[in-house]
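Colleague: I should be grateful for a close look at a single helix of this model. Please describe how its residues are placed and what lies around them.

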Amino acid sequence: MKTNRILVAYGSKHGATAGIAEEIGKSLREDGFDTAVVPARDVQDVKDFDAVVLGSSLYAGHWHRDALRCAHRNAEALSERPVWLFSSGPVDSSAEQHDIPPVRGAAKEMERLHARGHVTFGGSITATTPGWIARTLVRHDKAGDFRNPERVQHWAHEIGAELRAQGNGGR
């Protein structure tokens, strides 16, 4: 059985989504998959990958433009392989308390790409996050890091299990 090559691409301006993508990549590697984690803006072609996990930060209820551009640029190739989507966004504990449905843009991409699933993880805005919105949230004690590594790892292992069940590699 061959080991799948999995691409984990993320669209994010300030890095919280990159941290989630790195955690997904780490978990998939632990499951025996050859995994690349890269910014979505750097993805020109997904044809060398057997599966794709595409994530984006949420900003005002929208997916980051780099993730959307990556999905559109690679739409034909993505339709030929398993795809999962994730979002990082709520800067509160809501993503931990219940499943948050994908925002409209992510739901539209899910349908267009025939994605096998989507999950929204908590976001992160801290004193080191640049921008006036981040400074305002920090100043009003509304900031924090609400990413849950265990939840991210669990979801990534579910993806690996689904790929293995289909005979698509891994351990």
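Modeller: What follows concerns one helix and the residue just after it. The model is predicted, so to speak of local features a pLDDT of at least 70 is needed, side-chain atom pairs count only at pLDDT 80 or more, and totals for chains, interfaces and linings use all residues. Residues are numbered from 1 along each chain as its sequence is written, and side-chain values use heavy atoms, with hydrogens and water left out.

Helix α5 comprises residues 104-113; helices (H or I, at least four residues) and strands (E, at least two) are DSSP runs, numbered from the N terminus. Within α5, the residues A106, E109 and L113 are buried, that is, under 20% relative accessible area, where exposed means over 50% and partly exposed in between (1.4 Å probe, protein chains only). Seen down the axis of α5, these buried residues fall within an arc of 60°, so they line one face of the helix; the arc is that of the directions from the helix axis to the C-beta atoms. An α-helix has 3.6 residues a turn, so residues three or four places apart point the same way.

The covering of the buried residues of α5 includes β4 (62-63), α2 (65-73), α3 (75-78), β5 (83-88) and β6 (118-121), contact meaning heavy atoms within 4.5 Å. On the face turned away from the buried side, α5 carries the exposed residues R104, K108 and E111.

Just after α5 comes H114, in the loop between α5 and β6. H114 has a phi near 55°, a positive value in a residue other than glycine. With 60% relative accessibility, H114 counts as exposed.
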